[in-house]
Amino acid sequence: MKTAFRVYTSMFGIRFNYNLQYRAAVLGAIAKGFCWAMMEILGYLAVYRFGGDALPMDFSSTTAYVWAHQSFIVLFSVVFADTEIYSAIRTGTVVYDLARPVGLYGKWFCESASNRLSFALVNCFPVLILGLLAPAPFKLTLPASSPQLCLFLVSALLAFAVTVAIAMLMYISLFYFISQRGIRIIVRSVTTFFSGGVIPLVFFPESVQQVIRFLPFAAMQNMPLQILCGTITDADAVKGIGFQVFWLTALVFMGQSAMKTATKKVLSLGG
Amino acid sequence: MRLYLNYFLMELKSQMQYKTSFFLTMFGQFLTSFTTFFGIRFLFDRIYGIDDFTYGQVLLCFSVVMMSFSLGEMAGGGLAVFPDLLRGGELDRILVRPRSILLQVIMPNMDFSRLGLLAQAMIVLGAAVPASGVVWTLPNVLVLVLMVLCGSVVFFCLFLLFATAAFFTVQSLNFLDIFTYGMRDFGRYPLSVYGEGVLRFLTFVIPLALIQYYPLLYLLGRKDNALYALAPLFALLFVIPSVLFYRAGLRNYKSTGS
């Protein structure tokens with residue numbers, strides 16, 4: 001157990017240094033996140049100018065939502081440039097991975113998690129700081145109470161894990177499909193939409209919300225972002241975290257058993 | 001010309017080889033813009049308009065920009081291979097052939113799955129045409145066609161500009177995405193809603209407002225001046241700096257070859 005842990009942490013370290021190497025790319029990503037959030041907020045500003053009362057979130061909450069969404073976008077995206085994993089499946093080098101004395105599920109889970117986290121730490125969190133420094137209508141305001149902030153952190157961590165767990169299911173499905181690109185695009189658009197990446201889930205019509213709030217996608221970025229901008233508070237937030245724990249367990253369990261079935265098939269193909 | 005047509009057909013055929021794969025990708029593209037559409041739809045369930053534009057008029061903007069983008073990207077998206085061509089030294093092989101370099105890069109890299117995006121945009125256009133409150137006289141229809149065609153030229157030029165940037169920097173400048181993929185998303189609202197500054201930038205620097213906001217005003221009968229109707233043609237001026245930049249990049253090119 002202890003060695004396994006060391007394996008995983010050193011894998012993370014390697015990733016992290018790798019991502020730090022490209023400074024200009026980092027600056028570019030920060031600029032992009034900042035501009036994107038500003039445009040998004042300008043758009044919402046126009047929406048609120050006209051019929052803001054009709055929307056279930058006030059303007060400053062929406063601003064906080066947009067900033068947090070842009071800052072954590074990599075952390076909470078199912079489809080990310082996990083090139084090693086994609087090519088391992090496509091070219092068949094996955095058999096080498098299977099020969100290693102580390103469980104494949106754990107290895108890939110850890111690789112995708114560290115891919116996202118190391119990228120997010122360098123590229124995305126600065127966007128959050130820029131958001132805090134932005135002038136008045138665009139400014140990001142954090143919740144005043146520290147319990148709410150703690151709930152946010154717990155929920156964000158869980159949402160991150162759920163995101164990676166869904167990504168794992170997608171990788172496993174790639175054992176069966178040839179079209180990686182097609183699957184990736186479909187998965188990206190579905191997960192982004194139902195996790196509140198296009199518009200916050202509370203903006204959906206009531207009847208639609210009744211259904212989608214129980215989907216695993218609602219356990220992704222939707223939950224921490226809503227806690228951060230204050231639409232879900234206290235007891236509801238705790239309930240929400242329980243909901244996330246439930247989906248995380250279910251998804252990891254599903255992923256592991258699917259991985260077993262899938263790798264059995266791969267072995268039979270290997271020459 | 002025959003040669004390019006052959007390139008084109010070969011690529012189309014090769015992409016059609018894996019039919020499931022092709023249609024799955026196309027479906028994915030369709031779905032992506034579909035979610036953007038639903039984002040607008042759900043928001044406008046609660047509000048009635050944005051500034052002084054109605055839901056139908058917003059949809060008109062959305063579909064025009066989406067169609068322009070999909071055509072522009074289908075042709076120009078493939079230029080994203082430029083950095084790889086440079087690094088791998090494959091550009092040298094293309095340079096020695098006595099044919100247009102640009103077309104040799106574009107033709108084999110066309111991405112036909114973008115048609116999924118186009119299809120979705122056309123469906124939305126179908127809904128927007130009656131809902132927008134525009135009187136569809138012949139000149140107005142022509143203005144609409146002009147918007148889409150000139151728009152796709154502008155998007156193509158943007159892809160060309162960013163691909164050419166590879167001549168000058170080794171690193172990928174992914175923040176330029178905000179002008180391609182970003183404008184695809186932000187173009188869903190008439191560009192005036194983002195405020196004076198943004199509108200001015202998108203008129204004089206990157207002329208996307210010229211294919212969306214100004215001709216829209218003409219279509220809605222808010223401006224009679226023919227200049228507004230012909231604004232998309234002015235957007236074509238964007239071709240000049242793009243091509244100059246591309247030429248400069250090509251001259252600047254030193255092979256990485258061994």
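Let me start with the lining of the second largest pocket: 8 nonpolar, 4 polar and 4 charged residues. One caveat up front. This is a predicted model.

So, that pocket. Its volume is about 410 Å³. The lining holds 16 residues, and the closest to the pocket centre are Arg213(A), Asn222(A), Met223(A), Gln226(A) and Ile232(A). Which elements give two or more residues to that lining? They are α10 (206-212), α11 (222-229) and α12 (234-269), on chain A. The largest share comes from α12(A), with 4 residues.

Stay with α11(A) for a moment. Asn222(A), Met223(A) and Gln226(A) are among the residues closest to the pocket centre. The helix is also buried along its length: Asn222(A), Met223(A), Pro224(A), Leu225(A), Gln226(A), Ile227(A), Leu228(A) and Cys229(A) are buried. Why is α11(A) described as largely enclosed by the rest of the structure? Because 8 of its 8 residues are buried. Right after the helix comes Gly230(A). Its phi is positive, near 90°.

Now α12(A), the other side of the pocket story. This helix carries a salt bridge. Asp236(A) and Lys239(A) meet through their side chains, at 3.8 Å from N to O. Both residues sit in α12 of chain A, 3 residues apart, which is about one turn of the helix. Buried or exposed, where does Lys239(A) fall? Lys239(A) has a relative accessible area of 62%, so it counts as exposed. Asp236(A) is at 47%, so it counts as partly exposed.

Next, salt bridges in general. The count over all chains is 10. Let me show two more of them.

The first crosses between chains. Glu40(A) and Arg188(B) pair up through their side chains, at 3.6 Å from N to O. Glu40(A) is in helix α2 of chain A, residues 23-51. Arg188(B) is in a loop of chain B, between α9 (177-186) and α10 (196-204). Both partners are buried, Glu40(A) and Arg188(B) alike.

The second stays inside chain B. Asp45(B) bridges to Arg41(B), with the closest N and O atoms 3.2 Å apart. Both belong to helix α2 of chain B, residues 19-46. They are 4 residues apart, again about one turn of the helix. How accessible are the two partners? Asp45(B) has 44% relative accessibility, so it is partly exposed. Arg41(B) has 31%, so it is partly exposed too.

On to the packing. How many residues does the largest nonpolar core have? It has 152. The residues with the most contacts inside it are Trp108(A), Tyr171(A), Phe203(A), Ile50(B), Tyr189(B) and Tyr194(B). Helix α8 of chain A, residues 146-173, gives the most to this core, with 16 residues.

Take Trp108(A) as a hub to look at. Setting aside neighbours within four places in sequence, Trp108(A) contacts Ile85(A), Ala88(A), Ile89(A), Val94(A), Asp97(A), Met168(A), Tyr171(A), Phe175(A) and Met259(A). Note Tyr171(A) in that list. Tyr171(A) is also among the residues with the most contacts inside the core.

There is a second, separate core as well. It has 24 residues, including Tyr4(B), Leu102(B), Phe156(B) and Tyr253(B).

Back to helix α2 of chain A. Tyr48(A) has its place there. Its relative accessible area is 14%, so Tyr48(A) is buried. What does Tyr48(A) touch, beyond residues up to four places away in sequence? The list is Leu55(A), Met57(A), Asp58(A), Phe59(A), Thr62(A) and Phe203(A). Phe203(A) came up a moment ago, among the residues with the most contacts in the largest core. For a sense of scale, look from Tyr48(A) to Gly255(A). They are 207 residues apart in sequence and 42 Å apart in space, C-alpha to C-alpha.

Last item: enclosed space. How many cavities of 30 Å³ or more turn up in a search of the whole structure? The search finds 1. The largest cavity holds about 30 Å³ of space. Its lining is Val65(B), Phe155(B), Met183(B), Gly187(B), Leu191(B), Leu208(B) and Gln212(B). By class, that makes 5 nonpolar, 2 polar and no charged residues. The pocket I opened with has 4 charged residues in its lining.

That's the tour. Questions, please.

Terms used. Residues numbered from 1 in each chain as written. Chains lettered and ligands numbered in written order. Predicted model: local features only at pLDDT ≥ 70, side-chain atom pairs only at ≥ 80, totals over all residues. Heavy atoms only, no water. 1 Å grid on protein atoms, 1.4 Å probe; cavity = no way out; pocket = protein on both sides within 12 Å on 5 of 7 lines; lining within 4 Å. Points joined across faces, edges and corners; volume = space filled by probe spheres on them. Nonpolar A, V, L, I, M, F, W, Y, C, P; charged D, E, K, R; others polar. Salt bridge = Lys/Arg side-chain N within 4 Å of Asp/Glu carboxyl O. Buried < 20%, exposed > 50% of the residue type's maximum accessible area, 1.4 Å probe, protein only. Core = buried A, V, L, I, M, F, W, Y, C linked by side-chain atoms within 4.5 Å. Contact = heavy atoms within 4.5 Å.
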